[in-house]
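Visitor: I would like a close look at the salt bridges here, please. Take me through them slowly, and tell me how open their residues are to the surroundings.

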Amino acid sequence: MPAHFGPLAFVELVADFVVRPVVLILDEFDRITLDQTRTEIAVSMKLLSDNHARIRFVIVGIASSVAQILTGHPSLRRHMSVTRIGRIEPGSVNALMDHGSAAVGLPFSSDARDIVERVSVGSPYHVRLLCRHAALHAISRRSTEVTAADVRSGIVEVLEQWAETNQLDASRFSSIASNIAIRSLAEEVAREAAKFDIFKPTPETLDAVARLGDSIELAEGEQGSYAFVDSLAPQFLIASIASTEEQEDHIKRQRRALEN
């Protein structure tokens, strides 16, 4: 390998060694923070398309990250197809949970399912993440069923792990979740973003949207619409709200018990 392995060296490597169709999958593309890296990938794609190389790129990320590639090389647009990945319906969420439950022999209660459905908003990734943590809690206490309490404990763990690499968003979401005046509106915004990747503020949600700060950005090519910078974040905002509500309800139950 040359000392500087840039786009030209990559294309030459492909020309020398790729003799049959190859697919390169660049997952979590929106996590790239260096403009230079995105530029080098775009240049590589342009050179490969010009040379009719037998190689395809599958770029997985939020829509704005793809737009950033096209900004520097608009001619790439004719070589690219953009496919939006939709969310699954509530019935499919339950089917996915049924499949996991059958595999480990551990059913989920109806209340537990309701929480997973609320937080995941049809995202298979979040369904699997929440169910995994919830099931481990149920197993650790030798239960024959995953309860709502197990899911809530799982949510706490999921939020803590996510916060390790998303500290600013996590702090901001926690503050929003603690604000009774805006959290339902914030969940409305997050739910729309989780379903459609973008959302458009309304007069009612403007304050909640303003509290999101740098967690959101203008959606490319969608006038007046926004997207979460982290495409996984809307569900974590909803999870934070759900967790805070449960903590507040727990405190209220304790106070009532002491009063009685």
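Guide: Let's begin with a yardstick: a residue is buried when its relative accessible area is under 20%, exposed when that value is over 50%, and partly exposed in between. Keep in mind that this is a predicted model. With the yardstick in hand, take Arg253: its relative accessibility is 39%, so Arg253 counts as partly exposed. The side chain of Arg253 forms a salt bridge with that of Glu246, at 3.0 Å from N to O. Glu246 has a relative accessible area of 19%, so Glu246 is buried.

Glu246 also meets the side chain of Arg152 in a salt bridge, here at 3.5 Å from N to O. Arg152 belongs to helix α7 (residues 148-165) and Glu246 to helix α11 (residues 233-259), so this pair ties together parts 94 residues apart in sequence. Like a good test of our yardstick, Arg152 comes out as partly exposed, because its relative accessibility is 29%.

Now turn to another pair. Arg118 and Glu187 join their side chains in a salt bridge of 2.8 Å, N to O. This pair links distant parts of the chain, 69 residues apart, with Arg118 in helix α5 (residues 110-120) and Glu187 in helix α9 (residues 183-196). Arg118 is partly exposed at a relative accessible area of 27%, whereas Glu187 is buried at 12%.

To step back, the whole structure holds 14 salt bridges. Through shared partners, salt bridges join Arg118, Arg183, Glu187, Arg191, Glu245 and Glu248 into one network.

Technical notes: Residues numbered from 1 in each chain as written. Predicted model: local features only at pLDDT ≥ 70, side-chain atom pairs only at ≥ 80, totals over all residues. Heavy atoms only, no water. Salt bridge = Lys/Arg side-chain N within 4 Å of Asp/Glu carboxyl O. Helix = DSSP H or I, 4+ residues; strand = E, 2+ residues; numbered from the N terminus. Buried < 20%, exposed > 50% of the residue type's maximum accessible area, 1.4 Å probe, protein only.
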